[in-house]
Amino acid sequence: MGDLNQRIEAMHKRDVLVAWAFVVGLWCAVIFVAIATWDLAPSGGARILLFTGGAIVLLLNTAAILAMLRHYREDRDFMYGLDIRFSDEARGHRG
């Protein structure tokens with residue numbers, strides 16, 4: 001059972017790392033686009049509208065990923081246990 005727990009922990013850590021990488025990438029991309037296109041906005045009102053829209057996208061996507069990670073943590077043993085069992089079975093059928 002210890003081996004299964006170690007495999008579950010490794011899969012969970014990898015998924016958390018990937019999720020945070022996506023969050024950081026999203027923030028970097030949106031900030032880059034905002035800076036690169038700032039002078040293209042026709043007016044101050046348009047800039048405020050675009051800035052507000054970008055901020056909402058960042059906040060909602062970050063909150064969604066945080067909720068996903070919380071769910072993964074709560075159901076970690078069940079979800080990753082199934083993944084491991086099915087991948088082990090598939091590997092057994094191939095080999």
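## A walk through the helices

Let us start at one residue: setting aside neighbours within four places in sequence, Met11 is in contact with Tyr80, Asp83 and Ile84. Met11 sits in helix α1, and the model you are looking at is a predicted one. With a relative accessible area of 17%, Met11 falls under the 20% limit and therefore counts as buried. To get a feel for distances along the chain, compare Met11 with Trp27: they are 16 residues apart in sequence, and their C-alpha atoms lie 25 Å apart in space.

Now step one place along, to His12, which also belongs to helix α1. Is His12 buried or exposed? His12 is buried, because its relative accessible area is 10%, under the 20% cut-off. Which residues does His12 touch, once neighbours within four places in sequence are left aside? The contacts are Tyr72, Arg73, Arg76 and Tyr80. Tyr80 thus turns up in the contacts of Met11 and in those of His12, therefore linking the two residues through heavy atoms within 4.5 Å.

Two of these contacts of His12 deserve a closer look. Tyr72 and Tyr80 form an aromatic pair, and a search of the whole structure finds one such pair. The geometry of Tyr72 and Tyr80 is edge-to-face, with 6.1 Å centre to centre and 85° between the planes. Why edge-to-face? Because planes over 60 degrees apart are given that label, and here the angle is 85°. The two partners are placed in separate exposure classes: Tyr80 is buried, with a relative accessible area of 2%, whereas Tyr72 has 23% and so counts as partly exposed.

Another contact of His12 is Arg76, which is found in helix α3, residues 76-94. Arg76 has 23% relative accessibility, so it counts as partly exposed. Not counting residues up to four places away in sequence, Arg76 touches Ile8, Glu9, His12 and Gly81. Looking back along the chain, Arg76 and Thr62 are 14 residues apart, with 20 Å between their C-alpha atoms. Helix α3 also holds Leu82, which is partly exposed with a relative accessible area of 24%. Leu82 and Trp20 are 62 residues apart in sequence and 23 Å apart in space, C-alpha to C-alpha.

With these residues in place, turn to the helices themselves. Helix α1 has 36 residues and reaches 52 Å from its first C-alpha to its last, close to the 52 Å expected at 1.5 Å a residue. The buried residues of α1 are Ile8, Met11, His12, Ala19 and Val23. Helix α2, residues 44-74, has 31 residues and spans 45 Å between its first and last C-alpha, close to the 45 Å expected. Which residues of α2 are buried? They are Leu58, Thr62, Ile65 and Leu69. An α-helix has 3.6 residues a turn, so residues three or four places apart point the same way. What covers the buried residues of α2 includes α1, residues 2-37.

The last stop is the largest pocket, with a volume of about 270 Å³. How many residues line the largest pocket? There are 14, and Val30, Ala34, Leu50, Phe51 and Gly54 lie nearest its centre. The elements giving two or more residues to this lining are α1 and α2. For anyone thinking about its chemistry, the lining by class has 11 nonpolar, two polar and one charged residues.

Key
Residues numbered from 1 in each chain as written. Predicted model: local features only at pLDDT ≥ 70, side-chain atom pairs only at ≥ 80, totals over all residues. Heavy atoms only, no water. Helix = DSSP H or I, 4+ residues; strand = E, 2+ residues; numbered from the N terminus. Expected span 1.5 Å × (residues − 1). Buried < 20%, exposed > 50% of the residue type's maximum accessible area, 1.4 Å probe, protein only. 1 Å grid on protein atoms, 1.4 Å probe; cavity = no way out; pocket = protein on both sides within 12 Å on 5 of 7 lines; lining within 4 Å. Points joined across faces, edges and corners; volume = space filled by probe spheres on them. Nonpolar A, V, L, I, M, F, W, Y, C, P; charged D, E, K, R; others polar. Phe/Tyr/Trp six-rings, centres within 6.5 Å; stacked < 30°, edge-to-face > 60°.
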